[in-house]
Structures are given as structure tokens and as C-alpha cells.
Amino acid sequence: MPSGGDPDLRVATASAAEPDTQGTRGDGALAVDRLLPWFAEHGRDLPWRDPDAGPWAVLVSEIMLQQTPVVRVLPVYRAWLQRWPRPADLAADAPGDAIRAWDRLGYPRRALRLHACATAITVDHGGVVPDDVPTLLTLPGIGEYTARAVAAFAFRQRVPVVDTNVRRVLTRAVRGRDEPREPATTRDRAELETLLPPDPEQSARYSAALMELGALICTARSPDCDRCPVQDRCVWHRGGRVAGVARRAVQTWHGTDRQIRGRMMAVLRAAEHPVATTDLLAVADDTDQARRCLDGLLADGLATAAAPDPATGAETMTLPR
DNA sequence: AACGCGTGGAT
DNA sequence: TATCCAAGCGT
């Protein structure tokens with residue numbers, strides 16, 4: 001269960017002392033007394049939701065979950081915290097170790113930023129994960145979403161946490177629309193703010209419940225409205241689930257720089273010793289593209305020039321030290 | 001404010 | 001097979 005124990009719903013229904021001026025807490029589409037019981041029953045038992053998971057564990061999970069599905073994060077997350085249980089443990093190792101442990105979660109720059117984040121926490125914050133949104137926002141790899149996720153889920157604060165799931169649920173259930181995937185905005189956070197229950201602990205659970213609803217039921221491609229706890233109040237469902245406009249076409253994958261960079265990183269991760277630069281360049285047919293991609297990796301700090309091979313004198317590369 | 005940035009499973 | 005999509009961030 002998400003956080004153990006029965007959710008305290010006493011403040012879920014608007015009281016005389018706390019008038020429900022928005023009309024959304026008690027009887028709105030996303031009423032607290034609908035979401036929290038559903039979450040308690042159906043929420044996944046994920047390790048970063050365990051009460052024993054500290055702020056560092058929550059932070060690590062949030063960075064890993066940026067654009068990467070839960071099932072792929074789980075094993076890497078466990079190994080990561082086993083190896084680096086505190087920020088200072090990670091900071092003490094080379095960034096290349098973080099990139100290698102990151103394995104194939106994708107966007108390896110996140111591993112680099114998480115390492116930089118651990119270093120900043122160690123050097124600038126005494127090894128303690130900051131507990132306020134403004135300070136969290138100063139850390140590498142932590143943006144508007146992740147800062148609030150850490151504040152809410154690790155420190156149980158009453159802050160609006162809006163990710164792509166929450167945004168989709170809000171857009172559908174409250175505004176009755178179905179928009180293509182778009183980044184969360186200040187407006188989305190303001191809207192969620194009006195829905196959050198007054199109690200901080202409960203509001204943290206509420207945000208987690210909204211995210212879970214978007215992840216399990218109110219999904220982008222095929223929402224399972226028949227199992228939705230707020231189906232009868234969802235404006236989008238009541239309006240006939242009108243499909244939104246198609247979103248801008250995404251970049252085709254085959255032959256992109258991203259694909260080539262990915263191949264080069266796979267070679268670097270797998271290598272026990274420095275890799276000949278020519279071996280990296282060989283992953284692409286187009287030599288101009290290969291050079292451009294390798295230069296990009298060097299500029300990003302994901303690859304580092306190493307000493308020439310003693311036997312051949314060939315130029316070599318490694319993960320950053 | 002668009003764009004670039006990995007990876008792999010589902011449809 | 002091609003496309004979509006998964007707890008965004010930094011520039």
C-alpha cells in the first residue's frame with residue numbers, strides 16, 4: 001500500500017471552518033474522498049513510496065523516472081541505492097561510474113546530473129537533501145516537477161506536483177478536454193493548488209494518487225474509464241471523450257544523432273578499458289555524423305579523452321573520471 | 001519557446 | 001514496420 005494505514009479522510013469533505021469555495025474538494029471531479037480510497041486500494045507498492053525511503057531515495061527515483069517507465073527503473077534504482085546509500089557515497093565515485101550504473105535507462109546526461117546533484121548536496125548542503133522547493137531548484141537535474149515531487153513525497157509538504165500524468169488527468173476530468181502531451185505550466189500548478197486538501201500529509205498522498213490515476217487508469221492512449229473512481233464526475237467522460245488534436249510529429253528515430261550517441265555510449269559503458277576513438281566513430285556510416293556525435297558527447301561530459309593506447313598510439317576515449 | 005536528448009515495450 | 005509513449009530538464 002502507498003503509505004500504510006487507513007487514509008484519514010476527516011478533512012476530505014469541506015467543513016464549515018474550511019469552506020470549499022472552489023467546489024472541487026468535496027464534490028468536484030477529483031474529490032479527495034474519491035482519490036485517496038482508490039489509491040489506498042489500487043496504488044502500487046513501489047519502493048520509493050515505502051516510509052523507509054528517505055529523501056535521497058526519493059530524489060534518485062524521481063530523476064530516474066524522468067521519461068523512463070517504472071518497470072525499467074526498479075532494478076537500477078535498487079542497485080543504485082545499495083551502492084550509494086547517501087549523496088556523499090555517490091559524490092565520492094567518478095561520474096563515469098554513475099553513467100555505467102545507469103545502464104540503459106536512457107538520457108545518460110541524467111546520470112551525470114544526478115552525480116553533480118550528489119556533489120552539490122555534499123559540498124553545499126552538508127550531505128543533506130534540501131527540503132524546500134527554491135533550494136531544490138538550484139540543484140542539477142532538478143526542475144519544476146522534480147523539486148516539488150521531492151518536497152511532497154520525501155518531506156510531505158503541501159505543494160502542487162504536476163507531471164504529465166497529473167496534467168492529463170486535470171485536463172480531462174476538470175476541463176473536459178484531451179490535449180496532446182504538453183509540459184506542465186504555472187497555470188496547471190495553480191489549478192492543482194486549489195484542489196489540494198489543507199492537510200500536508202494528505203495533500204502529498206493526493207498528488208501521488210493523481211499521478212497514479214494517470215499512470216494506471218487515465219492513460220494517454222487507452223484510458224480505462226470503467227475502472228476509474230471518478231468516472232461519473234469526469235467532464236471529459238461525460239462529454240463523450242472527444243479526442244484531442246493530433247500532436248506535432250516527432251523526429252524519426254532511424255539515423256538520428258540520438259541513435260548514434262546511444263550506440264557510442266553503449267560501447268563506452270561496456271568497455272573495461274579505454275576505447276579507440278576509431279571504434280567509436282565506427283558505429284555510424286556517416287563519418288561527419290559520427291564526428292559530430294562524438295564531439296557532442298565530449299562537450300556534454302559524457303565521454304572523455306584518455307591516454308593514447310601504449311601499443312598502437314591510437315587516440316582513446318572513456319567515460320568521465 | 002521550441003528543440004535535443006536514449007531506450008525499449010506496446011499497439 | 002512505424003508510431004507512440006514513459007514521474008522532464010536545460011538551453
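Modeller: A residue counts as near a molecule or strand if one of its heavy atoms lies within 4 Å of it. In this predicted model, local features need pLDDT of at least 70 and side-chain atom pairs 80 or more, while totals for chains, interfaces and linings use all residues; side-chain values use heavy atoms, with hydrogens and water left out. Residues are numbered from 1 along each chain as written, and chains are lettered from A and ligands numbered from 1 in written order.

Colleague: Which residues come nearest to DNA strand B?

Modeller: There are 16 residues around DNA strand B, and R72, L105, P108, R261 and G262 come nearest. Of the strand B atoms within 4 Å of the protein, 58% belong to sugar and phosphate.

Colleague: What makes the approach of R261 to DNA strand B a polar contact?

Modeller: A polar contact is a pair of N or O atoms within 3.5 Å. A side-chain N or O atom of R261 is 2.5 Å from a phosphate oxygen of DNA strand B, so the pair qualifies. For R104, a polar side-chain atom lies 3.0 Å from a phosphate oxygen of strand B. G262 uses a backbone N or O atom, 3.4 Å from a phosphate oxygen of that strand.

Colleague: Which elements give two or more residues to the surface near DNA strand B?

Modeller: They are α6 (109-124) and α13 (257-270). Helix α13 gives the most, with four residues.

Colleague: Why is the pair of W48 and Y77 called edge-to-face?

Modeller: Rings pair if their centres lie within 6.5 Å; planes under 30 degrees apart are stacked, over 60 edge-to-face, the rest tilted. The centres of W48 and Y77 are 5.1 Å apart and the planes stand at 80°, so the pair is edge-to-face. W48 sits in the loop between α1 (32-42) and α2 (55-64), and Y77 in helix α3 (residues 70-83), 29 residues apart.

Colleague: How do you know that W48 is buried?

Modeller: Buried means under 20% relative accessible area, exposed over 50%, partly exposed in between. W48 has 9%, so it counts as buried, and Y77, at 4%, does too.

Colleague: What makes W80 and W102 an edge-to-face pair?

Modeller: Their ring centres are 5.7 Å apart, with 80° between the planes. W80 lies in α3 and W102 in helix α5 (residues 95-102), so the pair ties together parts 22 residues apart in sequence. W80, at 1% relative accessibility, is buried, as is W102 at 0%. Ring pairs link W80, W84 and W102 into a cluster.

Colleague: Why is R172 said to lie over the face of W236?

Modeller: The rule asks for NZ of Lys or CZ of Arg within 6 Å of the ring centre and within 35 degrees of the ring normal. R172 is 4.4 Å from the ring centre of W236 and lies over its face.

How values were computed
A polar contact is a pair of N or O atoms within 3.5 Å; within protein, one must be able to donate a hydrogen and the other to accept it, and residues adjacent in sequence count only if both atoms are side-chain atoms. Rings of Phe, Tyr and Trp (its six-membered ring) pair if their centres lie within 6.5 Å; planes under 30 degrees apart count as stacked, over 60 as edge-to-face and the rest as tilted. Buried means under 20% relative accessible area, exposed over 50%, partly exposed in between (1.4 Å probe, protein chains only).
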